[in-house]
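Okay, thanks everyone for squeezing me in today. I'll put the structure up and just talk you through it.

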Amino acid sequence: VAITIAEQPLTTNPTIQGGTAAPQPNQANYIQTKVVSTSASQQFTATPTGTKNIPAVAATGHIVLSTTQSSLCGATVSPGQGPIEVETSGGVIFETSSSITIGTSMNGSPPACSSPPATVQAAVAGSSGNVPANSVTDWVVDPCQGGIHSCAPGSITVTNPSATSGGVDAQQQTVASASDVQGWINHVNQICSQLTAGVENILAARAAPEKLATDPSQNGVTVSCTPSPDVTQVSPDSQASTQTVTVTMSAQAVAYDPADLEAVVYRDLLSSNNVNGPALPQGDQLVSRAPKLSNLQIIQAASDGTLALAVTGTDFYRPAATNLSSLRAKLTGHTPGDVSGIVQSQISDVQDVTVSEHPLPLFFMPFFSSRITIEERFVASAASAGS
């Protein structure tokens, strides 16, 4: 039995907040959301093909000049026509173009005057200049032979208190060429395009039956795609080595259950504080716990699960005394032609009544009320149609 009834509609337009936390008791206009996510990755090998010649670097260190002759304390050893040169027993030469003054205080045993440490550099660049401490002990030209004082050769000694370092041999270095870096960027972009294709459909499928929420600024779904290591940031001509790059796509979105919206709107329609227009009259009831929703607008959404939305909810109401079980009982055994009159005597504002019998039409309604199904269809009454 299909009954079309004209009733008064109620409408509410709440703004509803959402979050992943469970709603608190009696919390108004709030729904619980969930965050759905997906991820995927691909790998490729980034092989640098560029080369760069790295020149040799000379080692540096410090030397100290000493003498046990008090007459030489305070003497200065200065470069002559060339730098001051000292060497190891193996012939590794170090030099400086600065003057070195021996101190005036006699210290140690036997007592000696010593200079502050003076910086020297290997005459030949390369790792051969990296020598251990106390190995630079010879003069290429003894300063006493150069006539700085009347002194016998060997009166002024030299040594390096610590090892010399920093000497590097010339080498050819593998670097990332500009075309290498551009190729890696293109490869990463291609993989990201493949991984992100259809990702919103994947998220929507994972969220079902909930719905994804996206606001007007397209917030609510976030998708990222990053390479590790990030070869797109490599500077051309910088040293590089072959490495495996993992490109990872991750996406997440906020989703909500439309049934939760219906429940919130239903509670608002029951509350006169949230109903736009006349409140639900005393003694009347809403005809459905699933009001009709329209004008849904996502105001704000974020992939962390928060959202705000506006919606219009409409339901019809009628006197609470309507009892469909009682009505089915009154229809048992009657002819189909009697049904309309019986229905109109029990329910006001009936616009139309139709009876369908399956699988075969009969001359009488079923004698058991459990075999009678009543479907109510509501339309706005004439009084409310123009408002």
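So, right away: the side chains of Glu210 and Lys34 meet in a salt bridge, 3.4 Å from N to O. By salt bridge I mean a side-chain nitrogen of Lys or Arg within 4 Å of a carboxyl oxygen of Asp or Glu. Before I go further, this is a predicted model, so local features need pLDDT of at least 70 and side-chain atom pairs count only at pLDDT 80 or more, while totals for chains, interfaces and linings use all residues. Residues are numbered from 1 along each chain as its sequence is written, and side-chain values use heavy atoms, with hydrogens and water left out.

Back to that pair. Glu210 sits in the loop between α2 (199–207) and β16, and Lys34 is in strand β4, so the salt bridge ties together parts that are 176 residues apart in sequence. When I say helix or strand, those are DSSP runs, H or I with at least four residues for helices and E with at least two for strands, numbered from the N terminus. Lys34 counts as partly exposed, because its relative accessibility is 31%. The cut-offs there: buried is under 20% relative accessible area, exposed is over 50%, partly exposed is in between, with a 1.4 Å probe and protein chains only.

How many salt bridges does the structure hold? It holds 2. The other pair to look at is Glu375 with Arg377, whose side chains meet at 2.8 Å, N to O. Glu375 is partly exposed at 41% relative accessibility, and Arg377 is partly exposed at 41% too.

Arg377 takes us to the sheet around β1. Strand β23 (residues 375–380) pairs with β1 in the parallel sense over 6 bridges, and Thr4 stands opposite Arg377 there. For pairing, I'm asking that DSSP finds at least two bridges between the two strands. Then β1 also runs antiparallel to strand β22 (residues 350–354), with 4 bridges joining them; Ile5 has Val350 as its bridge partner in β22. And there's strand β21 (residues 307–319), again antiparallel to β1, joined by 5 bridges, where Pro9 is partnered with Phe316. As for β1 itself (residues 2–12), 8 of its 11 residues are buried, so the strand is largely enclosed by the rest of the structure.

Now swing round to β18, residues 243–256. Strand β4 (residues 34–46), the one with Lys34, runs antiparallel to β18 and is joined to it by 13 bridges. One register point for you: Ser37 has Gln252 as its bridge partner in β18. β17 also pairs with β18 in the antiparallel sense, over 8 bridges, and there Pro227 is matched with Val247. Then the short stretch β16 (residues 211–212) pairs antiparallel with β18 over 2 bridges, and Lys211 has Tyr256 for a bridge partner.

Okay, cysteines. The structure holds 3 disulfides, counting any pair of cysteine sulfur atoms within 2.5 Å. Counting bonded cysteines along the chain, the pattern is 1-2, 3-4, 5-6.

Cys73 and Cys113 have their sulfur atoms 1.8 Å apart, and with 85° about the S-S bond that link is right-handed. Cys73 is in the loop between β6 (60–67) and β7 (76–77), and Cys113 is in strand β11 (residues 113–114), so the pair ties together parts 40 residues apart in sequence. Both of those cysteines are buried.

Next, Cys144 is joined to Cys151, S to S 2.0 Å. The torsion there is about -115°, so this disulfide is left-handed. Cys144 and Cys151 are both buried.

Last one: Cys192 to Cys225, also listed at S to S 2.0 Å. It's left-handed, because the torsion about the S-S bond is about -90°. Cys192 lies in helix α1 (residues 178–196) and Cys225 in strand β17 (residues 221–228), so the pair ties together parts 33 residues apart in sequence. Cys192 is buried at 12% relative accessible area, whereas Cys225 is partly exposed at 22%.

To finish, helix α3. It covers residues 258–270, 13 residues in total, and reaches 19 Å from its first C-alpha to its last, close to the expected 18 Å; that expectation is 1.5 Å times one less than the number of residues. At the start of α3, a side-chain oxygen of Asp257 comes within 3.0 Å of the backbone nitrogen of Ala259. The buried residues of α3 are Leu261, Val264, Val265, Tyr266, Asp268 and Leu269.

Key:
Polar contact = N/O pair within 3.5 Å; in protein donor to acceptor, adjacent residues only side chain to side chain.
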